[in-house]
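User: I would like to go through this structure with you and hear the reasoning behind each label. Could we start with the term that comes up most often?

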Amino acid sequence: MRSARVLIDSPDVVVREVTCHDHHSAWSEPQETGAVQVILARRGRFRLDASHRSGRSGRDGTLTIDPTTGYLHGPGAVQRFAHPAGGDVCTSITFVGGALTGEPWLEDAVRAPSSHEVRVDARLELAHRLLLRTGAHPSDPSGAVETVLDLLTLALRGGPAGAPPAPGRVGLARLAREAILAGVPESGGLVSLARLLGTSPSHLSRTFRHHTGMPVGRYRNRARVSRALARIEEGETDLAALAAGLGFSDQAHLTRVMRAELGRTPGQVVALLTARPARHEPPAPSPAPSPAGRGRRA
């Protein structure tokens, strides 16, 4: 028996926590996959037969999946599972449609619909666990998608030991910044922004971070907070309308981002920017000395 909980739900990537309660050594019935997925285990282990097709199992298609080993598969892969060690908890990362077209490692998976081992070193495992702690906001998927992409780039390009690809030109980062600052609709997500600029999401993410010092999602939030401050200063007090107008999913999303960027909630910012400045009255003149006191010596 399995249960699943959605952690991130975006038009491009869906991340689920999948808990399996099975405990059996025999192989399950074959299951055909319908999308490109990466599976990373967080707890427990299970066996995967990725070579099963038309009732035949190959010799070298069996993997043991645990927190040190995950797997990637494309649509049409046929798999069987066994759980001789009991249940497990995994993270399933599903790419919706052609979300990451242009990513070489993803295109390889689509061309070869079979399962490929993903070696998980300690840095990748830590990144995976941090994603589950910081990215599990279904109402705020845009920044989490970039975090997922960073995770998968680390996993599928040889890990941290490999030399990172050279960043792209500063012009690409400039065009991305201008789109974000202008509020172009496609700038609301890394994938859609990369598609608008004719590049791959990972190349845009890497280039933008190199030339601006921050991820695309962080810069987008910074620009949104700047617009929020201007709107509040102009008299906006309807925070729900403000959040919707700036592209936040709801008022709670606006509150999280503003607190992270400013250390203050939107309500506190409204109070600061709409309060009337204190009037400085001229000091009252000192009273004149009484006649009786004139000429007296101490």
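Analyst: Happy to! A residue is called buried if its relative accessible area is under 20%. One thing to keep in mind is that this is a predicted model.

User: Thanks. Why does cysteine 20 count as buried?

Analyst: Cysteine 20 has a relative accessibility of 5%. The limit is under 20%, so cysteine 20 counts as buried. Cysteine 90 passes the test too: its relative accessible area is 6%, and therefore it is buried.

User: How do you know that cysteine 20 is not bonded to the closest cysteine sulfur?

Analyst: A disulfide is a covalent bond between the sulfur atoms of two cysteines. To be counted, a pair of cysteine sulfur atoms must be within 2.5 Å. The closest cysteine sulfur to that of cysteine 20 belongs to cysteine 90, at 8.2 Å, so the pair is too far apart for a bond. Seen from the other end, cysteine 90 has its closest cysteine sulfur in cysteine 20.

User: How many disulfides does a search of the whole structure find?

Analyst: The search returns zero disulfides.

User: On to the strands. What makes E8 largely enclosed by the rest of the structure?

Analyst: The count of buried residues settles it: five of the five residues of E8 are buried, so the strand is largely enclosed. Val78, Arg80 and Ala82 point one way from E8, while Gln79 and Phe81 point the other way, and all are buried.

User: Why is E8 said to pair with E5?

Analyst: Two strands pair if there are at least two bridges between them. E5 (residues 46–49) and E8 (residues 78–82) have three bridges, in the antiparallel sense, so by that rule they pair. Within this pairing, leucine 48 has phenylalanine 81 as its bridge partner, and aspartate 49 has arginine 80.

User: What about E3 and E8, over how many bridges do they pair?

Analyst: Strand E3 (residues 31–32) pairs with E8 over two bridges, again antiparallel. The rule asks for at least two, so the pair qualifies. Glutamine 31 stands opposite glutamine 79 here. E5 also joins strand E6 (residues 62–65) through four antiparallel bridges, with phenylalanine 46 opposite isoleucine 65.

User: Which residues does serine 28 touch, leaving out those up to four places away in sequence?

Analyst: Serine 28 touches Arg80 and Phe81, where a contact means heavy atoms within 4.5 Å. Serine 28 sits in the loop between strand E2 (13–20) and E3. Its C-alpha is 8.8 Å from that of glutamine 79, although 51 residues separate the two in sequence.

User: What makes E4 largely enclosed?

Analyst: Seven of the nine residues of E4 (residues 36–44) are buried, so this strand is largely enclosed by the rest of the structure. E4 is joined to strand E9 (residues 88–95) by eight antiparallel bridges, and arginine 43 has valine 89 as its partner in E9. Three more antiparallel bridges tie E4 to strand E7 (residues 69–73), where isoleucine 39 stands opposite tyrosine 71.

User: In what order do the six strands of the open sheet come?

Analyst: The order is E1-E2-E9-E4-E7-E10, with antiparallel pairing. Strands E1 (2–9) and E10 (115–119) stand at the edges because each has a single partner strand, so one side of each is left without a neighbour in the sheet. On average, neighbouring strands are turned by 25° against each other, direction ignored. E10 pairs with E7 over five antiparallel bridges, and glycine 70 has valine 118 as its bridge partner in E10.

User: Last one: why are helices H5 and H6 called roughly perpendicular?

Analyst: The axes of H5 (residues 190–197) and H6 (residues 201–212) cross at roughly 95° and come within 8 Å. Angles of 65 to 115 degrees count as roughly perpendicular, so H5 and H6 earn that label. On the H5 side the contact is made by Leu190, Val191, Leu193, Ala194 and Leu197, and on the H6 side by Pro201, Leu204 and Ser205. By class, this contact has seven nonpolar residues, one polar and no charged ones.

Definitions and conventions:
Residues are numbered from 1 along each chain as its sequence is written. This is a predicted model: local features need pLDDT of at least 70, side-chain atom pairs count only at pLDDT 80 or more; totals for chains, interfaces and linings use all residues. Side-chain values use heavy atoms; hydrogens and water are left out. Axes are lines fitted to C-alpha atoms, for helices over the stretch in contact, and angles run from 0 to 180 degrees between N-to-C directions. Angles under 35 degrees count as roughly parallel, over 145 as roughly antiparallel, 65 to 115 as roughly perpendicular and the rest as oblique. Ala, Val, Leu, Ile, Met, Phe, Trp, Tyr, Cys and Pro count as nonpolar, Asp, Glu, Lys and Arg as charged, and the others, Gly among them, as polar. Buried means under 20% relative accessible area, exposed over 50%, partly exposed in between (1.4 Å probe, protein chains only).
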